[in-house]
Amino acid sequence: MKKKISTVLLASFLLLTACSSNSSDTSSTTTPSGGAKTTSKEITVWAWDKNFNIAAMNLAKDAYAKDHPDVKINVVEYAQDDIIQKMNTGLNSGSKSGLPNVVLIEDYRAQSFLKTYPDAFADMSASIKASDFAEYKLGPTSLNGKQYGVPFDSGVTGLYVRRDYLEQAGYKVDDLKNIDWQKFIEVGKAVKAKTGKDLLTQDPNDLGLVRMMIQSAGAWYLKSDGTTPDLKDNPVLKEAFETYKEIMNANIVKINSDWNSFLAGFNSGAVASVPTGNWITPSIKSQADQSGKWAVVPFPKLKNTASSVNASNLGGSSWYVLNSDGKDTAADFLAKTLGSDVNLYQKLVTDVGVVGTYKPAAQGEAYTKADDFFGGQKVISDFATWTAQIPKVNYGLHTYAIEDILKVEMQNYLKGKDIAKVFSDAQSQAESQLK
């Protein structure tokens with residue numbers, strides 16, 4: 001997000017269509033006995049994805065209602081892009097009318113909101129214990145020593161592998177644990193030679209794999225200040241680009257062009273591995289006939305970067321309370337549910353598939369349960385362990401703006417452009433655009 005959205009042309013439309021954020025509204029609800037009960041507290045939550053974030057929030061809503069029947073919680077689904085637009089338009093107008101009390105914000109975008117609208121969000125430092133959450137989530141959700149976000153799901157990565165294809169190529173699952181990308185390529189070539197299967201499916205215009213590679217080493221597209229582009233002299237990014245090109249040139253990649261073809265790559269059995277975030281688990285498990293054929297091992301690391309570890313992240317979001325009427329109720333709701341309820345997190349795993357970043361939840365039964373689909377592996381427990389190992393980085397303000405630049409330069413690099421020229425040009429363009 002390069003600049004504040006300056007126009008307020010949509011403001012009147014939003015006031016008419018967006019859900020009210022006022023918690024002082026009074027309404028009548030039906031009590032369990034059938035009588036009417038006056039409700040003096042009402043809050044609204046905005047999120048995207050009905051099967052994941054919305055489903056999780058509804059579980060939190062139900063958990064809170066047990067001890068707080070007087071609070072009405074409206075959970076409203078919008079597309080993520082719509083939430084971003086509505087939030088920017090409303091906050092730029094100087095009025096929070098029509099905005100929610102609680103909003104889900106992707107971690108890559110959080111610092112943009114916190115820095116652009118410094119008075120818009122409630123300080124949650126006294127409501128939750130930040131140290132109870134994975135360390136890497138605290139970077140994007142805090143600012144100037146204050147904890148604003150309630151960290152939510154983990155985008156912790158893993159390397160999903162087809163054990164049957166590996167065995168045909170002479171490997172065991174253990175052979176792929178804690179490997180680097182060069183070993184990954186070596187295995188891929190052997191699998192291709194023995195089975196005819198590609199090792200992975202990849203969209204050349206999607207830099208998610210590069211993003212995961214650099215975070216595994218605690219690096220990012222920006223310097224630690226979160227605003228200054230760090231492309232030209234970034235050795236981690238350089239190795240990630242070089243590694244990506246090695247993978248693409250190794251004849252082990254099934255090219256895809258969109259989400260559906262990405263899913264089809266592994267659901268059809270055409271590829272032997274999927275290196276990505278844990279949120280892909282339900283999609284992998286959607287093919288019941290593949291039960292027992294999959295395993296998950298730690299994410300590969302960069303070979304020549306000493307700081308790179310076998311853990312990284314892709315995606316993830318957190319919850320924020322707006323500084324408006326109802327913020328105390330909203331803060332209490334988050335604090336007593338997603339901020340502290342271990343039992344709720346067990347339901348999030350079993351009912352929705354959410355791997356949370358609340359560390360005390362990792363000892364719960366749902367986290368330590370064996371998964372038959374993965375051959376009895378305690379997959380959730382492994383993801384929880386790897387979550388704690390993810391390097392903390394400052395995503396800063398410009399992740400997507402810089403990726404727009406790097407996507408073009410990656411194509412140039414794959415076509416033969418010199419790597420030094422790639423990053424020199426990317427640096428200049430980023431500095432020019434992000435002034």
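Lys177 has a relative accessibility of 42% in this predicted model, and therefore counts as partly exposed, since that class lies between the 20% limit for buried residues and the 50% limit for exposed ones. The side chain of Lys177 meets that of Asp174 in a salt bridge, with an N to O distance of 3.0 Å. Asp174 itself is exposed, because its relative accessible area of 54% is over the 50% limit. The pair thus joins a partly exposed lysine to an exposed aspartate.

Side chains of opposite charge can pair when their charged atoms come close. A second pair of this kind is formed by Lys183 and Glu186, whose closest N and O atoms are 3.1 Å apart. Both residues belong to helix H7, which covers residues 181-195. Because Lys183 and Glu186 are 3 residues apart in that helix, about one helical turn separates them. Lys183 is partly exposed at 27% relative accessibility, and Glu186 is likewise partly exposed, with a relative accessible area of 40%.

A comparable arrangement can be followed in helix H13, which comprises residues 342-352. Here the side chains of Asp351 and Lys347 meet in a salt bridge, at 3.1 Å from N to O. The two residues are 4 positions apart in the helix, so that about one helical turn lies between them. Asp351 is partly exposed, its relative accessible area being 48%; for Lys347, also partly exposed, the value is 40%.

Beyond these pairs, Glu409, Lys417, Lys421 and Asp425 are linked to one another in a network of salt bridges. Across the whole structure, a search finds 16 salt bridges.

Attention may now turn to another lysine, Lys301, which is located in the loop between strand E13 (294-297) and strand E14 (317-321). With a relative accessible area of 30%, Lys301 is partly exposed. Which residues does Lys301 contact, leaving aside its neighbours within four places in sequence? They are Ile179, Asp180, Trp181, Ser308, Val309 and Asn310. Among these, Trp181 carries the number at which helix H7 (residues 181-195) begins, the helix that also holds the pair Lys183 and Glu186. Ser308, Val309 and Asn310, also contacted by Lys301, have numbers that fall between strand E13 (294-297) and strand E14 (317-321). Finally, Lys301 and Ser312 are separated by 11 residues in sequence, and their C-alpha atoms are 8.9 Å apart in space.

Terms used:
Residues are numbered from 1 along each chain as its sequence is written. This is a predicted model: local features need pLDDT of at least 70, side-chain atom pairs count only at pLDDT 80 or more; totals for chains, interfaces and linings use all residues. Side-chain values use heavy atoms; hydrogens and water are left out. Buried means under 20% relative accessible area, exposed over 50%, partly exposed in between (1.4 Å probe, protein chains only). Contact means heavy atoms within 4.5 Å. A salt bridge is a side-chain nitrogen of Lys or Arg within 4 Å of a carboxyl oxygen of Asp or Glu.
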